[in-house]
Amino acid sequence: MNSTINRRSMLCGGLGFGSLALNAMLRRDGYAAAPGSSPGSSSAGPAWSPPDGLPHFAPKAKSVIWLFMRGGVSHMESFDPKPALTKYAGKTINETPFADVQDPEKLKRVRVVVVNDANGQQRNKIYPLQVGYQKYGQSGIEISDWFPHLGACVDDLAVIRSMWTTDDNHGAQVQFHSGRHMLDPRVPTIGAWVNYGLGTLNENLPQFIGMGPRFFDKRDGHYLGPAYDSVALKVDPNNPLDYASPEGNVSAGQQRLGFDLVRRLNHLTAEQYPHDPELEARIKSYELAYRMQTAVPEVIRFDTETEATKKLYGFDQKETRPFGEQLLAARRFAEQGVRFIQIMHGDGAAGAWDQHSKLKANHSKLAMQVDRPVAGLIQDLKQRGMLDETLVVFATEFGRTPGSQNSDGRDHHPYGFSVLMAGGGLKGGIVHGATDEIGFHAVEHPHYVTDVHATLLHQLGLHSHRLNVPGHKRLEQDYGQVIKEILV
């Protein structure tokens, strides 16, 4: 028995990231146990098992590329023009026709984590728009001058101008991904639910990938288990993944011999314990980890990409190249069947987009870093015939206040902000929802953050209400509502 435990410890502990592949193999072969249970455990009732990896209905999309701007992009200076801010600049909100936006009844939904924190406050002195707007495309949708390349793609975009959330601090990053406030227990993120609900399209690659600076909740799976966490990657073919390579100077042949030995030992154990089917699944996950060591670096190599494609993503410009490399990698992973590619932009604890001062200088710089690469991704997907089956989301945790902070910045603003979505069976060239005249509240078709989750799950062929785990009650708001108005 001790030798069996040692072999299992060798398998699970020695794999590094490869153990994350276990769940996909378990589900494929029907050997999965409930999250939190141990191999071989039993109960009086019928065994619980995760979904079978099949969509609930015919999907419109196969993969999601999730782009998240950490810190809080100003909706008024990006995708939701508010000329009234310039008209009433310098006046307090009470001195404008819009004093009712601060009616206490309208402010109730926010739950404050840190009382009297320096940020997340009402800012009353109207701050003028810091950038101009242009109409783009056949749809004539207005996009700010900081995002001209996305403006050129506007006929492929669904611009949602009526998002809201309840956290006035950067725990809203957790809330946007999971649907739950920081004061609530941690629950799985949208990427984990996609990972949980759908089978893999490529058994040589992880199903849920993360790139860029992570927000402070480092987990995704939570009660689903670590198998549903994202696999953190870097755009570095020589070292794309921590712990992927064996320690020391071990050749591929030597590594193969080690794998074969472990497999033979476990097959011997399987003969002794024939009622432990997870053992075979663990062997398969070990093999998958071995295949990933070759497959992941190959996807991140751009040798086969044309110079024109690289230029599309901004490889020729130092400001755009870092994010462009991540987005080109995202397209290549989606092309290879990875289900959920999550890319974060904006370093720092709160995120670089958190402009409490110097909003114009910093937002314009950050917009330059992402605008061309994101537009390049959409154009590249479209010209390859992939946009119809790849859903792109461009999001942030909240907007910024109509009022000024520190004379030339804006504070956190959870009452109304914007999100872009494209591809995957969504309408393009459409604006959905609206905030009021100074961008304070979402007043037309307001959408809580999990409505975005429900929409992308729907396009992937999943019904959010059918994604549940026994013993973990979900709230109605966790499921969200499909934004039907933006569906084709």
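This text walks through a predicted model, from the whole chain down to single residues.

Start with the chain as a whole. It has 488 residues, and 57% of them are buried. Its secondary structure comes to 13 helices and 15 strands. Take the contacts between residues at least 6 apart in sequence: 79% of these join residues at least 24 apart. The residues below give examples of such links.

Trp66 is one place to begin. This residue is found in strand E1, which covers residues 63-69. Its relative accessibility is 0%, so Trp66 counts as buried. Which residues does Trp66 touch, leaving aside those up to four places away in sequence? One run of partners is Phe340, Ile341, Gln342 and Ile343. Phe176, His177 and Ile190 are also on the list, as are Val393, Val452, His453 and Leu456. Phe394 is 328 residues from Trp66 along the chain, yet the two C-alpha atoms are separated by 6.5 Å.

Several of those partners lead to helices. Ile190 belongs to helix H6, where eight of eight residues are buried. Trp193 and Asn195 are among the buried residues of H6, and so are Gly191 and Gly197. Val452, His453 and Leu456 are buried residues of H12. That helix is mostly covered too, with nine of its ten residues buried. The buried set in H12 also includes Thr450, Asp451 and Gln459. Just after H12, Gly461 takes a positive phi of about 85°.

Now look at the cavities. The structure holds six of 30 Å³ or more. The second largest has a volume of about 60 Å³. Which helices each supply at least two residues of its lining? They are H5 (172-178), H6 (190-197), H12 (450-459) and H13 (476-479). His177, Ile190 and His453 are in the lining, and these three residues also touch Trp66. Other lining residues include Ser178, Pro188, Trp193, Leu457, Ser464 and Leu467. Arg474, Asp478 and Tyr479 line the cavity as well. By class, the lining has six nonpolar, four polar and two charged residues.

Arg474 deserves a closer look. This residue lies in the loop between H12 and H13. Is Arg474 buried or exposed? Its relative accessible area is 11%, under the 20% cut-off, so Arg474 is buried. Among its contacts are Trp193, Ser464, Leu467 and Tyr479, and these four also line the second largest cavity. Arg474 touches Arg180, Tyr223 and Asn468 too. Val187 is 287 residues away from Arg474 in sequence, but their C-alpha atoms are 9.0 Å apart.

Next comes Ser418, in strand E11 (residues 417-423). At 7% relative accessibility, Ser418 counts as buried. On one side of the sequence, its contacts include His75, Phe79 and Asp80. Ile160, Arg161, Met163 and Thr396 are touched as well. Ser74 sits 344 residues from Ser418 in sequence; C-alpha to C-alpha, the pair is 8.6 Å apart in space.

Helix H11 offers a check on geometry. Why does its length make sense? The helix has 25 residues, 359-383, and at 1.5 Å a residue these should span 36 Å. The end C-alpha atoms are 35 Å apart, which agrees. H11 is bent all the same, by about 30° at Met368. After the helix comes Gly385, with a positive phi near 75°.

Backbone angles give a last stop. Most residues other than glycine have a negative phi. Lys358 has a positive one, near 50°. This lysine lies in the loop between strand E7 (340-345) and H11. Its relative accessibility is 54%, so Lys358 counts as exposed. Ser407 is another residue other than glycine with a positive phi, near 70°. The loop that holds Ser407 runs between strand E9 (399-400) and strand E10 (412-413). At 60% relative accessibility, Ser407 counts as exposed.

Notes. Residues numbered from 1 in each chain as written. Predicted model: local features only at pLDDT ≥ 70, side-chain atom pairs only at ≥ 80, totals over all residues. Heavy atoms only, no water. 1 Å grid on protein atoms, 1.4 Å probe; cavity = no way out; pocket = protein on both sides within 12 Å on 5 of 7 lines; lining within 4 Å. Points joined across faces, edges and corners; volume = space filled by probe spheres on them. Helix = DSSP H or I, 4+ residues; strand = E, 2+ residues; numbered from the N terminus. Nonpolar A, V, L, I, M, F, W, Y, C, P; charged D, E, K, R; others polar. Expected span 1.5 Å × (residues − 1). Bend = angle between axes of the 7 residues up to and from the residue. Buried < 20%, exposed > 50% of the residue type's maximum accessible area, 1.4 Å probe, protein only. Contact = heavy atoms within 4.5 Å.
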